[in-house]
Amino acid sequence: MAAPILNVESAKRLAAHRAVDEHFPAHARHVGIGSGSTVVYVVERIAQLSREITDGIIFVPTGYQSRELILRAGLKLGSIELHTDLEVAFDGADEVDPYLNCIKGGGACLFQEKLVAISAKKFVVVADYRKLSPSLSTHYAPGIPIEVVPTAANHVLSRLISLGAVNPAIRMGGASKAGPCITDNGNFIIDAPFPDGFIPSPTSRLSHQRSISPTSSSIGLDAGAVQMGGERVGGLDILGKEGGHPGAAVGMGVGGNEKVEELARVLKNIVGVVEHGVFWSGDKKPVMAYFGMEDGKVETRTLHV
């Protein structure tokens with residue numbers, strides 16, 4: 001019998017429910033709740049737990065969306081200002097590489113998402129099969145989200161171009177919003193795609209090639225996937241291609257683990273950058289990521305230290 005082909009929402013639910021079943025602490029006091037479409041099913045599963053368990057827990061959101069999810073589920077709402085010691089935080093991701101580096105921030109909550117993640121003893125990511133990637137910025141075409149102070153936006157754009165970003169741009173609001181997207185903290189978001197391997201210029205110290213030893217993963221990685229361009233990378237459609245972003249056209253990819261870490265450090269040091277959407281070892285990687293697959297299974301990637 002052929003394996004079932006699930007729709008994306010069903011795949012998200014499978015991943016979210018299993019993540020909660022395996023990582024929700026028996027005696028939790030504070031739990032972080034992230035943002036994104038998959039987190040809807042995380043809260044759904046938590047709400048199915050006994051009220052004897054959940055009534056004694058304070059849930060800390062990463063932004064407006066997760067705040068509303070917590071309230072609608074009848075759970076106790078807290079804040080990261082008051083509760084900075086979390087047993088676990090569950091969140092989604094826009095893209096996850098084999099090293100468990102993540103891109104987050106497609107929903108413009110990256111600063112608060114990162115603050116909640118680093119406050120948690122355990123950070124768990126839930127997603128669907130489209131978020132699996134051989135290299136950051138290959139499946140998620142818009143590139144690295146970067147939250148910036150509005151008055152520094154032009155300076156940051158200039159620095160990103162000098163580093164090799166391809167057409168970085170301030171993210172605009174939706175159809176009913178004239179002007180830039182504004183974060184919960186009153187800042188702008190810049191989306192910055194980088195070329196394959198993150199090679200800003202021939203003379204930059206960041207362009208030096210290094211031998212990368214991939215960490216082990218429970219998901220097999222097609223070694224040729226990183227080399228592929230066009231509309232599909234590693235057999236999956238590039239997210240964001242429909243938006244006509246340059247990343248979709250040239251097959252962006254940040255590269256191996258050491259290149260991701262170099263890029264994360266450089267971005268953090270740009271004056272005017274509040275936070276960037278790369279979740280890496282210098283901030284917080286998930287201990288495990290769950291992916292709902294089309295065939296009805298849940299695949300995992302685990303952090304090996």
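Is cysteine 102 buried or exposed? In this predicted model, cysteine 102 counts as buried, since its relative accessibility comes out at 0%. That makes a handy way into the rest of the chain, where a good deal is tucked away too: buried residues make up 55% of the 305 residues. As for the overall make-up, the chain has eight helices and 16 strands. Contacts also reach across the sequence: take the ones between residues at least 6 apart, and 76% of them join residues at least 24 apart.

Now for the sheet. Seven strands form an open sheet with mixed pairing, and their order is 3-2-1-4-7-15-16. Strand 3 and strand 16 (298–302) sit at the edges, each pairing on one side only. Starting with strand 1 (residues 30–33), its pairing with strand 2 (residues 58–61) is parallel and runs over four bridges. Within that pair, histidine 30 has isoleucine 58 of strand 2 as its bridge partner.

Strand 7 (residues 120–128) deserves a slower look. On one hand, strand 7 is joined to strand 4 (residues 86–91) by five bridges, with the two running parallel. Here leucine 86 stands opposite alanine 120 of strand 7. On the other hand, strand 7 also pairs with strand 15 (residues 288–292), again in the parallel sense and over five bridges. In that pairing, valine 125 is the residue found opposite alanine 289 of strand 15. Strand 7 is mostly covered as well, with seven of its nine residues buried. As a rule, side chains in a regular strand alternate between the two faces of the sheet.

A few single residues help to fill in the picture. Isoleucine 80 belongs to the loop between strand 3 (76–77) and strand 4. Being in a loop does not leave isoleucine 80 in the open: its relative accessible area is 12%, so it is buried, the cut-off being under 20%. What does isoleucine 80 touch, leaving aside its neighbours within four places in sequence? The contacts are Val60, Leu115, Val116 and Ser119. One of these, leucine 115, is 35 residues away along the chain, yet the C-alpha atoms of the two are separated by 7.8 Å.

Threonine 54 has its place in helix 3 (residues 51–54). With a relative accessibility of 2%, threonine 54 counts as buried. Setting aside neighbours within four places in sequence, threonine 54 is in contact with Ile46, Leu49, Phe59 and Leu75. Over in strand 8 (residues 144–148) lies isoleucine 144, and that residue is buried at 0% relative accessibility. Isoleucine 144 and isoleucine 103 are 41 residues apart in sequence, but from C-alpha to C-alpha they are 6.8 Å apart in space.

Back to the cysteines, then. How many disulfides does the model hold? The count comes to zero. Cysteine 181 shows how this plays out: the closest cysteine sulfur to its own is in cysteine 109, at 8.8 Å, and because a disulfide needs the two sulfur atoms within 2.5 Å, that is too far for a bond. Cysteine 181 is buried all the same, with a relative accessible area of 15%.

Cysteine 109 turns up again in the lining of an enclosed space. The model has one cavity of 30 Å³ or more, and the largest cavity has a volume of about 40 Å³. Its lining is made up of Thr62, Ala108, Cys109, Leu110, Phe111, Gln112, Glu147, Thr183, Asp184 and Asn185. Helix 5 (residues 110–118) gives the most to this lining, supplying three residues. Sorted by type, the lining of the largest cavity has four nonpolar, four polar and two charged residues.

Open spaces come into it too. The second largest pocket has a volume of about 240 Å³. This pocket is lined by 17 residues, and the closest to its centre are Ser35, Gly36, Ser37, Asp94 and Gly107. Nine residues of that lining are polar, while four are nonpolar and four are charged.

Conventions
Residues are numbered from 1 along each chain as its sequence is written. This is a predicted model: local features need pLDDT of at least 70, side-chain atom pairs count only at pLDDT 80 or more; totals for chains, interfaces and linings use all residues. Side-chain values use heavy atoms; hydrogens and water are left out. On a 1 Å grid over the protein atoms alone, a cavity is a set of points where a 1.4 Å probe fits but cannot get out, and a pocket is an open set with protein on both sides within 12 Å along at least five of seven lines; lining residues have an atom within 4 Å of a point. Grid points are joined across faces, edges and corners, and a volume is the space filled by probe spheres set on the points. Ala, Val, Leu, Ile, Met, Phe, Trp, Tyr, Cys and Pro count as nonpolar, Asp, Glu, Lys and Arg as charged, and the others, Gly among them, as polar. Buried means under 20% relative accessible area, exposed over 50%, partly exposed in between (1.4 Å probe, protein chains only). Two strands pair if DSSP finds at least two bridges between them. Contact means heavy atoms within 4.5 Å.
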